[in-house]
Amino acid sequence: MVAKERIQRLFDAAEIQVSASTLDESAPLAQQGLDSLDMANLLFQIEQACKSTIAPEESARLRTLGDITGYIERAQSAGAWHE
């Protein structure tokens, strides 16, 4: 399970002005105050932590906090998370 502190660190690094702890995990982030620049910055921070590029098809599926948490958990399981 990905700790909320880890998600918040990614939000902070992406300079997203929304607290991750206040978000609904199943609702699209775009409906919770994150714009396309926020999403691009967040995906960049995830790529930095994974030291790899997220394929465009995969990034298109990362729309909710739950999607992002699942992606990070898969990266951790694969040993690809270097934060």
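Aspartate 38 is in contact with Ile16 and Gly33, leaving aside its neighbours within four places in sequence. The model examined here is predicted. Aspartate 38 lies in helix α2. The relative accessible area of aspartate 38 is 13%. Buried means under 20%, so this residue is buried. Glutamine 48 stands 10 residues from aspartate 38 along the chain. The C-alpha atoms of the two residues are separated by 15 Å.

Helix α2 covers residues 36–50. Its 15 residues should span 21 Å at 1.5 Å a residue. The end C-alpha atoms of α2 are 21 Å apart, which agrees with that expectation. Aspartate 38 has company among the buried residues of α2. Met39, Leu42, Leu43, Gln45, Ile46, Glu47, Ala49 and Cys50 are buried as well. An α-helix has 3.6 residues a turn, so residues three or four places apart point the same way. What covers the buried residues of this helix? The cover of α2 includes α1, α3 and α4.

The wider fold can now be described. The protein has four helices and zero strands. Along the sequence, the pattern reads α-α-α-α. The radius of gyration of the protein is 11 Å, close to the 12 Å that the globule rule gives for 83 residues, so the protein is as compact as a globular protein of that length. Along the principal axes, the C-alpha atoms fill a box of roughly 30 × 25 × 20 Å. Of the 83 residues, 43% are buried. Contacts between residues at least 6 apart in sequence were also examined. Among these contacts, 59% join residues at least 24 apart.

The surface and the charges were considered next. The protein exposes about 4800 Å². Carbon and sulfur atoms supply 50% of that area. The protein carries 7 positive and 13 negative charges. The mean positions of the two sets are 5 Å apart.

Helix α4 comprises residues 65–77. This helix has 13 residues and reaches 18 Å from its first C-alpha to its last. That length is close to the 18 Å expected at 1.5 Å a residue. Which residues of α4 are buried? They are Leu65, Ile68, Thr69, Gly70, Tyr71, Ile72 and Ala75. Their cover includes α1 (4–13), α2 (36–50) and α3 (56–61). Helix α2 and helix α4 thus each appear in the cover of the other's buried residues.

Two neighbouring residues of α4 give a closer view. Threonine 69 lies in this helix. At 13% relative accessibility, threonine 69 counts as buried, because the cut-off is 20%. Outside its neighbours within four places in sequence, threonine 69 is in contact with Val2 and Ile7. Glycine 70 is also placed in α4. With a relative accessible area of 14%, glycine 70 is buried. Glycine 70 and arginine 6 are 64 residues apart in sequence. Their C-alpha atoms are 13 Å apart in space.

Helix α1 offers a further example. Arginine 9 lies in this helix. Is arginine 9 buried, exposed or partly exposed? Its relative accessible area is 44%, so arginine 9 is partly exposed, between the cut-offs of 20% and 50%. Arginine 9 and alanine 20 are 11 residues apart in sequence. From C-alpha to C-alpha, these two residues are 9.3 Å apart.

Positive phi values were then examined. Glutamate 15 is not a glycine, although its phi is positive, at about 60 degrees. Where is glutamate 15 found? Glutamate 15 sits in the loop between α1 and α2. With a relative accessible area of 62%, glutamate 15 is exposed. Lysine 51 is another residue other than glycine with a positive phi, near 55 degrees. Lysine 51 is found in the loop between α2 and α3. At 63% relative accessibility, lysine 51 counts as exposed. A glycine follows α4. This residue, glycine 79, has a positive phi near 75 degrees.

How values were computed:
Residues numbered from 1 in each chain as written. Predicted model: local features only at pLDDT ≥ 70, side-chain atom pairs only at ≥ 80, totals over all residues. Heavy atoms only, no water. Helix = DSSP H or I, 4+ residues; strand = E, 2+ residues; numbered from the N terminus. Rg over C-alpha atoms; globule rule 2.2 N^0.38 Å. Buried < 20%, exposed > 50% of the residue type's maximum accessible area, 1.4 Å probe, protein only. Contact = heavy atoms within 4.5 Å. Areas by Shrake-Rupley, 256 points an atom, 1.4 Å probe, with all protein chains shown as cover. Lys, Arg positive; Asp, Glu negative; His and termini not counted. Charge placed at Lys NZ, Arg CZ, Asp CG, Glu CD. Expected span 1.5 Å × (residues − 1).
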